[in-house]
Amino acid sequence: MTHENLLGGPEPTLLPADGPDAEARAALAAGDDARAAVRVAPAASIVWALLAEQALQDTGDPVAAYAYARTGYHRGLDALRRAGWRGRGPIPADHEPNQGFLRALLALAEAAEAIGEDEEAARCQQFLADSGTSAEQVSALR
């Protein structure tokens, strides 16, 4: 799928298909759980997002979820910058390599809200919108 820029803003940022998230997805597909996959690809946002989602949903530990999500968020920012992102513009959710970062960002918003960090939760929600997606779209990727 191509992403045509109709607004004259930055082109969409597409993380490389062969990046750390690909290594992590391969480990997960081979049967590793997220904790094992993080050892295979510690720079992959997807494994940190999965750990954060598990901490929020399965264990009810928003503090751990916040730490995992923040790690995935920062790993994703590093990857986006290496891919040419300059702090703004679309980060399409339908591009699978982008999904780990977006899921970490959503988990960060949810964990921040759960611990009372309302300003950060709002910033993360706005970041999703500024990236051309929504919490609902990213949540559907889970």
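Ala-26 lies in helix 1 of this predicted model. Its relative accessibility is 47%, so Ala-26 counts as partly exposed; the exposed class begins over 50%. Ala-41 is 15 residues away from Ala-26 in sequence, and the C-alpha atoms of the two are 9.9 Å apart in space.

Ala-41 also leads to the interior, as one of the residues that Val-47 touches. Leaving aside residues up to four places away in sequence, the others touched by Val-47 are Ala-24, Ala-34, Ala-37 and Val-38. Val-47 belongs to the largest nonpolar core, which has 41 residues. Together with Phe-101 and Phe-127, Val-47 is among the residues with the most contacts inside that core. Two or more core residues come from each of helix 1, helix 2 (34–40), helix 3 (45–57), helix 4, helix 5, helix 6 (118–130) and helix 7 (135–139). Helix 5 gives the largest share, nine residues.

From the core, the description moves to the open space. The largest pocket has a volume of about 200 Å³. It is lined by 18 residues, and those closest to the pocket centre are Pro-16, Gly-19, Pro-20, Asp-21 and Pro-97. Helix 1 (20–29), helix 4 (62–82) and helix 5 (96–114) each supply at least two residues of the lining. Sorted by class, the lining holds 10 nonpolar, three polar and five charged residues.

Helix 1, helix 4 and helix 5 thus appear in both parts of the picture: each gives two or more residues to the largest nonpolar core, and each supplies at least two residues of the lining of the largest pocket.

Conventions
Residues are numbered from 1 along each chain as its sequence is written. This is a predicted model: local features need pLDDT of at least 70, side-chain atom pairs count only at pLDDT 80 or more; totals for chains, interfaces and linings use all residues. Side-chain values use heavy atoms; hydrogens and water are left out. On a 1 Å grid over the protein atoms alone, a cavity is a set of points where a 1.4 Å probe fits but cannot get out, and a pocket is an open set with protein on both sides within 12 Å along at least five of seven lines; lining residues have an atom within 4 Å of a point. Grid points are joined across faces, edges and corners, and a volume is the space filled by probe spheres set on the points. Helices (H or I, at least four residues) and strands (E, at least two) are DSSP runs, numbered from the N terminus. Ala, Val, Leu, Ile, Met, Phe, Trp, Tyr, Cys and Pro count as nonpolar, Asp, Glu, Lys and Arg as charged, and the others, Gly among them, as polar. A nonpolar core is a set of buried Ala, Val, Leu, Ile, Met, Phe, Trp, Tyr and Cys residues joined through side-chain atoms within 4.5 Å. Buried means under 20% relative accessible area, exposed over 50%, partly exposed in between (1.4 Å probe, protein chains only). Contact means heavy atoms within 4.5 Å.
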